[in-house]
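Biologist: Got a minute to walk through this one with me? I'd like to start with the cavities.

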Amino acid sequence: MADRGTAVTGSHSDDVAALVAQYGRLPAGAPVRLAKPTSNLFRFRDPSAGPGLDVGRFDRVLEVDTANRTAQVQGMATYESVVDALLPSGHIPLVVPQLKTITLGGAVAGLGIESTSFRSGLPHESVREMEILTGSGEVVRARADNEHAELHRGFPNSYGTLGYALRLEIELEQVRPYVRLQHVRFGTARECADAIAQICRDRSYDGHPVDFLDGTVFSAREQYLTLGSYVDEAPFTSDYTGQQVYYRSLQQRRTDYLSIHDYLWRWDTDWFWCSRAFGAQHPVARRFWPRQYRRSDVYRRIVAWDRKHAVTDRIAVLRGRGVNEPVIQDVEIPVDRLPEFLEFFHRDIGISPVWLCPVQLRDRKGWPLYPMDPDELYVNVGFWSTVPLRRGEAPGRHNRAIERVVGELDGHKSLYSNSYYTEEEFWRLYNQPVYERLKERYDPQHRLPGLYEKCVRER
């Protein structure tokens with residue numbers, strides 16, 4: 001890795017040339033997929049029989065320019081490796097998604113979010129330039145001010161259907177060593193939503209600056225906002241990588257302190273709260289569960305194995321119960337409509353806890369394939385569990401209800417998990433005219449799947 005503006009290394013150029021050659025050797029008409037060890041998508045399908053495109057070498061931070069607060073990062077670099085490279089100089093990306101093995105390219109081609117999103121937007125909004133291998137096999141540099149500006153703006157939420165990001169130039173922010181956390185409880189969703197709006201407007205609460213903001217809903221009468229502020233010193237720091245579980249601390253402490261490193265990964269150790277499904281939060285099991293395996297990518301592999309072999313569903317049937325429908329979604333709801341969404345969710349879905357993360361776009365022009373209103377403050381609502389189905393009910397009933405209500409409330413739904421839209425509904429929501437124009441220009445032979453085929457039909 002280089003510092004202070006050193007040119008992008010020759011080895012990266014060599015890797016790009018080798019990848020282009022490999023892409024050219026793939027059989028015409030064969031499905032193209034990335035050969036990479038991790039995924040944070042929840043659209044499980046059988047692996048392709050064809051050869052994978054080997055992008056494993058594109059996992060480095062190439063350059064850090066501390067003077068201009070930018071970095072050159074390869075697309076398959078995980079945020080864990082990016083943070084490890086940047087923190088020694090006191091910098092991080094403007095938005096660091098909450099799971100370690102999310103890749104920078106994945107967060108831009110899909111969507112990422114975190115507790116800085118109320119002030120810094122989404123990860124793709126701090127990308128100045130992308131080097132993209134397009135579906136046509138060409139490598140282009142897409143910026144907001146060049147001939148590939150439409151691709152730069154249309155790449156977010158394209159999920160690898162237009163091409164793959166090989167290198168990205170991203171903006172950075174300077175950090176301080178610690179984060180002071182304040183957990184504030186609210187008795188109603190309306191009180192919580194009003195507080196979110198006020199904090200995001202003022203960037204402060206009770207006279208104290210707020211640098212980070214997210215929330216957790218335990219029930220209709222118990223929701224917390226966690227307000228984070230940079231500080232240079234801490235009277236103590238907590239450790240939630242051992243016996244203690246972070247989300248439980250929200251109900252137990254009013255004030256807490258974490259190092260900036262541990263704050264960034266506070267959710268990863270227990271995959272928010274989803275590790276409880278594997279027994280990893282039980283004190284005895286936790287003591288013997290190796291610390292290095294308390295990670296989101298480990299839990300996801302367990303889920304993938306269970307989905308492949310249908311173990312949980314088979315056990316449910318043997319016990320005389322119906323199967324469970326996975327309900328794993330992130331949706332953006334306008335802050336004023338948040339109480340309506342949570343009322344529906346508590347009544348008809350019943351999953352808890354639920355994550356809240358406010359987000360407002362930085363860019364006034366917006367992003368066409370995920371058309372949020374730049375004048376609107378949204379709250380990302382994240383929920384990741386299963387809901388029982390009655391005997392004879394087909395999977396999808398609960399997810400379909402969520403899709404309907406999100407639409408009624410002028411919200412948006414992320415596409416990293418299962419979707420049930422009709423093709424007409426999908427393209428009304430995700431800007432068919434812009435997508436088709438980009439597809440025709442950058443993947444005219446349709447070597448890559450279409451967005452609807454990939455995200456809904458799971459091809």
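Biologist: What volume does the second largest cavity have?

Modeller: About 60 Å³. Bear in mind that this is a predicted model.

Biologist: Which residues line the second largest cavity?

Modeller: Glu403, Val406, Gly407, Gly411, His412, Lys413, Tyr421, Leu429 and Tyr430.

Biologist: Which element gives the largest share of that lining?

Modeller: Helix α13, with three residues. α13 spans 397–408, and β19 (412–413) also supplies at least two.

Biologist: And how does that lining split by class?

Modeller: Four nonpolar residues, three polar and two charged.

Biologist: OK, step back. How many cavities of 30 Å³ or more does the structure hold?

Modeller: Four. The largest has about 70 Å³ of space.

Biologist: What lines the largest cavity?

Modeller: One run is Ile92, Pro93, Leu94, Val95 and Val96. Glu114, Ser115 and Thr116 line it too. The rest of the lining is Phe212, Tyr263, Leu264 and Arg266.

Biologist: Which elements give two or more residues there?

Modeller: β6, residues 91–93, and α8, residues 260–264.

Biologist: How many of the lining residues are nonpolar, and how many polar or charged?

Modeller: Eight are nonpolar. Two are polar and two are charged.

Biologist: New topic, salt bridges. How many are there?

Modeller: The structure holds 36. One of them pairs Glu423 with Arg457, with the closest N and O atoms 3.2 Å apart.

Biologist: Why does that pair tie together separate parts of the sequence?

Modeller: Glu423 lies in helix α14 (423–429), while Arg457 sits in the segment after α16 (451–455), so the bridge links parts that are 34 residues apart in sequence.

Biologist: Is Glu423 buried, exposed or partly exposed?

Modeller: Partly exposed, at 35% relative accessible area. Arg457 falls in that class as well, with 39% relative accessibility. The partly exposed class runs between the 20% and 50% cut-offs.

Biologist: Which other residue does Arg457 form a salt bridge with?

Modeller: Glu453, where the closest N and O atoms are 3.4 Å apart.

Biologist: What about Asp443, which residue is its salt-bridge partner?

Modeller: Lys439. Their closest N and O atoms are 2.8 Å apart.

Biologist: Are Asp443 and Lys439 buried or exposed?

Modeller: Asp443 is buried, and Lys439 is buried too.

Biologist: Which residues are joined into one network by salt bridges that share partners?

Modeller: Glu129, Glu131, Arg141, Arg143, Asp145 and Arg167.

Biologist: Last topic, Tyr178. Where is it?

Modeller: In strand β10, which covers residues 178–186.

Biologist: Is Tyr178 buried, exposed or partly exposed?

Modeller: Partly exposed, because its relative accessibility is 26%.

Biologist: What is Tyr178 in contact with, leaving aside neighbours within four places in sequence?

Modeller: One stretch is Ser229, Tyr230, Val231, Asp232, Glu233 and Ala234. Thr237 is another contact of Tyr178. Then come Leu258, Ser259 and Ile260.

Biologist: And what separates the C-alpha atoms of Tyr178 and His261?

Modeller: They are 8.3 Å apart, and the two residues are 83 apart along the chain.

Definitions and conventions:
Residues numbered from 1 in each chain as written. Predicted model: local features only at pLDDT ≥ 70, side-chain atom pairs only at ≥ 80, totals over all residues. Heavy atoms only, no water. 1 Å grid on protein atoms, 1.4 Å probe; cavity = no way out; pocket = protein on both sides within 12 Å on 5 of 7 lines; lining within 4 Å. Points joined across faces, edges and corners; volume = space filled by probe spheres on them. Helix = DSSP H or I, 4+ residues; strand = E, 2+ residues; numbered from the N terminus. Nonpolar A, V, L, I, M, F, W, Y, C, P; charged D, E, K, R; others polar. Buried < 20%, exposed > 50% of the residue type's maximum accessible area, 1.4 Å probe, protein only. Contact = heavy atoms within 4.5 Å. Salt bridge = Lys/Arg side-chain N within 4 Å of Asp/Glu carboxyl O.
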